[in-house]
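The following paragraphs describe a predicted model. They take up its charged pairs, its nonpolar interior and its pockets in turn.

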Amino acid sequence: MVSNETYMRVAQEFSKSSYCKRAQVGALLVKDGNVIAFGYNGTPKGWDNNCEDCDNVTKQEVLHAESNAIAKCAASVNSSHGSEMYCTHTPCIQCAKLIIQAGITKLYYAQIYRSDEGVQMLLSHGIDCEQVFI
């Protein structure tokens, strides 16, 4: 069986594909021991890969790693219902809402990014959250 630390390291590897300068974030969806989707923060398909504007502020069109992974799963034959997410950073409130709607049952995260509001929202909706140190 693959360890939580191994899945988190895989999410961390995917984060390196991000062109974002401020924070490279990776996410992995796992169901029944299989990786069913991955994502990293960046722009939509066909857009330039510049994530920040000239003032180093993240552009509005940038997708978060969690939403990118959920969207990739939705475009495949896989269902995220009952899956677990491994994310290098804690989700924002918007991504927490997507995690709830996607039927993800557990979130593993490596580090807190800005706040734990997203984690608190998930916990209040019965989704287990656990920090994994790598």
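Glu130 and Lys106 are joined by a salt bridge between their side chains, with an N to O distance of 3.1 Å. This pair connects distant parts of the chain, since Glu130 belongs to strand S5 (residues 128–131) and Lys106 to strand S4 (residues 106–111), 24 residues apart. The two partners fall into separate exposure classes: Glu130 is partly exposed at 33% relative accessibility, whereas Lys106, at 17%, counts as buried because its value lies under the 20% limit.

In this predicted model, the count of salt bridges comes to three. Side chains of opposite charge can pair when their charged atoms come close. Another such pair is formed by Lys59 and Asp48, whose side chains meet at 3.9 Å, N to O. Here too distant parts of the chain are linked: Lys59 and Asp48 both lie in the loop between strand S2 (34–40) and H2, 11 residues apart. Lys59 is partly exposed, with a relative accessible area of 23%, and Asp48 is likewise partly exposed, at 44%. The remaining salt bridge brings Lys16 together with Glu13, their closest N and O atoms being 2.8 Å apart. Lys16 is exposed, with a relative accessible area of 52%, while Glu13 is partly exposed at 48%.

Attention now turns to the interior. Which members of the largest nonpolar core touch the most other members? Of its 22 residues, these are Leu29, Ile70, Met85, Ile99, Ile104, Leu107 and Leu122. Strand S1 (26–31), S2, H2, strand S3 (84–89), helix H3 (93–101), S4 and H4 each give two or more residues to this core. H2 provides the largest share, four residues. The surroundings of one core member, Met85, can be followed in detail. Leaving aside residues up to four places away in sequence, Met85 touches Leu28, Leu29, Glu66, Ala69, Ile70, Ile99, Ile104, Lys106, Leu107 and Tyr108. Lys106, the salt-bridge partner of Glu130, is thus also among the contacts of Met85. Apart from the largest core lies another, of nine residues, which include Ala11, Tyr86, Tyr108 and Ala110. Tyr108, a member of this other core, is also one of the residues that Met85 touches.

The pockets complete the description. The largest pocket has a volume of about 520 Å³. It is lined by 24 residues, and the closest to its centre are Thr58, His64, Cys92, Tyr113 and Arg114. Helix H2 (65–74) and helix H4 (117–124) each contribute at least two residues to this lining. By class, the lining of the largest pocket consists of 10 nonpolar, eight polar and six charged residues.

The second largest pocket holds about 310 Å³ of space. Among the 16 residues that line this second pocket, Thr43, Pro44, Lys45, Asn68 and Lys72 are the closest to its centre. Its lining divides into eight nonpolar, six polar and two charged residues. Which element supplies the largest share of the lining of the second largest pocket? That share, three residues, comes from H2. Helix H2 therefore recurs in several parts of this account: H2 gives the largest share of the largest nonpolar core, and H2 residues also belong to the linings of the largest pocket and the second largest pocket, with helices taken as DSSP runs numbered from the N terminus.

Terms used. Residues numbered from 1 in each chain as written. Predicted model: local features only at pLDDT ≥ 70, side-chain atom pairs only at ≥ 80, totals over all residues. Heavy atoms only, no water. 1 Å grid on protein atoms, 1.4 Å probe; cavity = no way out; pocket = protein on both sides within 12 Å on 5 of 7 lines; lining within 4 Å. Points joined across faces, edges and corners; volume = space filled by probe spheres on them. Nonpolar A, V, L, I, M, F, W, Y, C, P; charged D, E, K, R; others polar. Salt bridge = Lys/Arg side-chain N within 4 Å of Asp/Glu carboxyl O. Buried < 20%, exposed > 50% of the residue type's maximum accessible area, 1.4 Å probe, protein only. Core = buried A, V, L, I, M, F, W, Y, C linked by side-chain atoms within 4.5 Å. Contact = heavy atoms within 4.5 Å.
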